[in-house]
Number of protein chains: 2
Amino acid sequence: MYGLMGSFKAVEGRRAELVRLLLAEVDALPGCLSYVVAEDPADEVTIWVTEVWTDAAAHKASLQLPAVKAVIARAMPLIAAFGEHRETRPAGGHGLVH
Amino acid sequence: MYGLMGSFKAVEGRRAELVRLLLAEVDALPGCLSYVVAEDPADEVTIWVTEVWTDAAAHKASLQLPAVKAVIARAMPLIAAFGEHRETRPAGGHGLVH
């Protein structure tokens, strides 16, 4: 499995909108086992996204899906800055759903 | 929802054992929506655990379950150091399973 943990900061006042946008297309992406969008309670702008994919290729392929590309295009103007970007190697757990 | 993202370092040579231990009791914990254990590919000892719970109380209550307490007791000697500990406020996503 292939995991990602990332953070970024929304443009001030747009976090809720950005969260909704990021949640719009996450169901049933091929190879996506988990995808969670969370707000950072420490401020008003930071968002954390944690992802688990069957493998890195499935994640990469998802970025080429028209629906995902459309979400990214709409999300970019709402993102003020990128933060952490960490790859992991998930071993298992609860909530890994095909 | 209540989220946790945490890391810790296993005693050298014991990471795989610690990962297996952390995965042993994660199914069907009350209020646990997601629980993923991952290795950090950047070294041989770091583990990341990302969790989503219905609320903070459900997470706190889980720490009192005999099965969870037993895992913690067995895990402690395999942990060399604690790293990040971050609370999040998950908004939704894929793979959040009751």
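Biologist: In β2(B), which residue is the bridge partner of Pro90(A)?

Modeller: In this predicted model the partner of Pro90(A) is Ala38(B) in β2(B). In the neighbouring register, Arg89(A) has Glu39(B) of β2(B) as its bridge partner. Before we go on, residues are numbered from 1 along each chain as its sequence is written, while chains are lettered from A and ligands numbered from 1 in the order in which they are written. As the model is predicted, local features need pLDDT of at least 70 and side-chain atom pairs count only at pLDDT 80 or more, whereas totals for chains, interfaces and linings use all residues, and side-chain values use heavy atoms, with hydrogens and water left out.

Biologist: What makes β4 of chain A and β2(B) a pair of strands?

Modeller: Strands are DSSP runs of E of at least two residues, and helices are runs of H or I of at least four, both numbered from the N terminus. Two strands pair if DSSP finds at least two bridges between them; β4 of chain A (residues 79-94) and β2(B) have five bridges and are antiparallel, so they meet the definition. Within chain A, β1 (residues 2-10) and β4(A) are joined antiparallel by seven bridges, and Leu4(A) stands opposite Glu87(A) of β4(A).

Biologist: How do you know how much area chain B and chain A bury between them?

Modeller: Buried area is the accessible area, taken with a 1.4 Å probe, that two parts lose on being put together, summed over both. For chain B and chain A that comes to about 2,600 Å², with 58% of it on carbon and sulfur atoms. By contact, meaning heavy atoms within 4.5 Å, 33 residues of chain B touch 33 residues of chain A.

Biologist: What else does the rule find across the interface of chain B and chain A?

Modeller: There are 12 residue pairs in polar contact, both residues at pLDDT 80 or more. A polar contact is a pair of N or O atoms within 3.5 Å; within protein, one must be able to donate a hydrogen and the other to accept it, and residues adjacent in sequence count only if both atoms are side-chain atoms. On the chain B side, the elements giving two or more residues are α1 (15-23), β2 (32-39), β3 (46-53) and β4 (79-94), and β4(B) provides the largest share, 10 residues. The residues of that side divide into 18 nonpolar, seven polar and eight charged, where Ala, Val, Leu, Ile, Met, Phe, Trp, Tyr, Cys and Pro count as nonpolar, Asp, Glu, Lys and Arg as charged, and the others, Gly among them, as polar.

Biologist: Why is the meeting of Asp40(A) and Arg86(B) called a salt bridge?

Modeller: The term requires a side-chain nitrogen of Lys or Arg within 4 Å of a carboxyl oxygen of Asp or Glu. The N to O distance between Asp40(A) and Arg86(B) is 3.5 Å, so the pair qualifies. Across this interface the rule finds five salt bridges, and the whole structure has 15 over all chains.

Biologist: Why is Arg15(A) called buried?

Modeller: Buried means under 20% relative accessible area, exposed over 50%, and partly exposed in between, using a 1.4 Å probe and protein chains only. Arg15(A), in helix α1 (residues 15-23) of chain A, has 5% and is therefore buried. Glu39(A), at 17%, is buried too, whereas Asp43(A), at 23%, is partly exposed.

Biologist: What links Arg15(A) to Glu39(A) and to Asp43(A)?

Modeller: Arg15(A) and Glu39(A) form a salt bridge, with their closest N and O atoms 3.8 Å apart; this joins helix α1 to strand β2 (residues 32-39) of chain A, across 24 residues. A salt bridge of 3.5 Å, N to O, also connects the side chains of Arg15(A) and Asp43(A), the latter lying in the loop between β2 and β3 of chain A, 28 residues away. In addition, a polar atom of the Arg15(A) side chain lies 3.1 Å from the backbone oxygen of Asp43(A).

Biologist: What joins Arg86(A) and Glu84(A), and which network includes them?

Modeller: Their side chains meet in a salt bridge of 3.7 Å, N to O. Salt bridges with shared partners join Asp40(A), Glu84(A), Arg86(A), Asp40(B), Glu84(B) and Arg86(B) into one network. Arg86(A), at 24%, and Arg86(B), at 25%, are both partly exposed.
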